[in-house]
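Trainee: Please take one part of this model and go through it closely. I would like the contacts and the geometry, with the cut-offs behind each term.

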Amino acid sequence: MVYLTRKAEFSASHYYHSPEFTPEENRRIFGKCNNPHGHGHNYTLEVTVKGDIDKRSGFVVDLKQLKEVMHREVLDAMDHRFLNKEVPEFATRIPTTENLAIAVWQRLEPNLNHAKLHRVRVYETSDLFVDFYGEE
Amino acid sequence: MKAHLTRRYLFSASHRLHNDAMTAEENRATYGKCNNPHGHGHNYALEVTVSGRVDGRTGMVCNLADLDKVVQEQVLERFDHENLNTLRHFDSIVPTTENLCVVIYDILRRAFRAAHLEKVRLEETLMNAFEYEGERDSL
């Protein structure tokens, strides 16, 4: 088994707010991330797939295909977008980095032909990242 | 659903690697220039990984402000701009980055309860890093 990681970057804005909380609770729990006008990040996405090396090609996965899936399913939908308003998953879920990693997994996992998705890592800043390994 | 969250912190400290149980020659042979009696310093980068279910209401594994507060009060204020050899944690162990990593893990394990502590990773320089995930049952 070999693990292969592909990186991509995208920029998006978001804010944290739950209708289940009062305005005071929202401000207390989410702090400055509760600003309704949103704020932005340069996200770095790392997608790790695993598989056996194909004897003929020497590849775990067709990198071009992985890149295309990442672009089509994630970057085209999220890059330069306001996540709360423009990405359907976040109509009902708060676009925290945790939920973003889960959404990326759910977008990629059904679209990878040969390799198996191992991990989705999303950096919100260089000092903060979330790893998701699928349902446990 | 379970997710892992990692937060990175920076602090600076000095240390000297020296074990009183060894001779001067053994200390020099074992620790090389790190045995310099006056000590030397590093900019350490600490990565703390915690895990847990993503809370359905907040969308978060835990509140980062809570993690920041514990790390600030329990780790950074204790070690930042200190000479590690002078601290009680290193009364009987050498302040290698391995040992510092284990000490920080044990401190956070006790002090941070809002999510499961998975791992402490400590970079001493850009070229080396140490990780500790607690004792494993298999040993």
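Mentor: What follows covers a helix pair, then one arginine position, then the two chains as wholes.

This is a predicted model, in which local features need pLDDT of at least 70 and side-chain atom pairs count only at pLDDT 80 or more, while totals for chains, interfaces and linings use all residues. Residues are numbered from 1 along each chain as its sequence is written, chains are lettered from A and ligands numbered from 1 in the order in which they are written, and side-chain values use heavy atoms, with hydrogens and water left out.

The part to look at is the pairing in chain A of helix α2 (residues 63-78) with helix α4 (residues 97-108), whose axes come within 9 Å and cross at roughly 140°. Helices here are DSSP runs of H or I with at least four residues, strands are runs of E with at least two, and both are numbered from the N terminus. Axes are lines fitted to C-alpha atoms, for helices over the stretch in contact, and angles run from 0 to 180 degrees between N-to-C directions. α2(A) and α4(A) are therefore oblique to each other; angles under 35 degrees count as roughly parallel, over 145 as roughly antiparallel, 65 to 115 as roughly perpendicular, and the rest as oblique. The crossing of α2(A) past α4(A) is right-handed, a term for a near helix turned clockwise from the far one by less than a right angle, with anticlockwise giving left-handed.

On the α2(A) side, A:V69, A:M70, A:E73, A:V74, A:A77 and A:M78 meet A:L100, A:V104, A:R107 and A:L108 of α4(A), where contact means heavy atoms within 4.5 Å. By class, that contact has 8 nonpolar, no polar and 2 charged residues. Ala, Val, Leu, Ile, Met, Phe, Trp, Tyr, Cys and Pro count as nonpolar, Asp, Glu, Lys and Arg as charged, and the others, Gly among them, as polar.

In chain B, helix α2 (residues 64-79) and helix α3 (residues 97-111) have axes that come within 10 Å and cross at roughly 150°. α2(B) passes α3(B) in a right-handed crossing. Residues in this contact include B:V70, B:Q74 and B:R78 of α2(B) and B:L100, B:I104 and B:A111 of α3(B). Its classes are 10 nonpolar, 1 polar and 1 charged.

Now the arginine. A:R121 sits in strand β4 (residues 116-125) of chain A. A:R121 is buried, with a relative accessible area of 15%; buried means under 20%, exposed over 50% and partly exposed in between, with a 1.4 Å probe and protein chains only. Its side chain makes a polar contact of 2.7 Å with the side chain of A:D131. A polar contact is a pair of N or O atoms within 3.5 Å; within protein, one must be able to donate a hydrogen and the other to accept it, and residues adjacent in sequence count only if both atoms are side-chain atoms. In chain B, the side chain of B:R121 makes a polar contact with that of B:E131 at 3.4 Å.

As for the chains, chain A has 4 helices and 5 strands, in the order β-α-β-α-β-α-α-β-β. Chain B has 3 helices and 5 strands, running β-α-β-α-β-α-β-β. Buried residues make up 51% of the 136 residues in chain A and 45% of the 139 in chain B.
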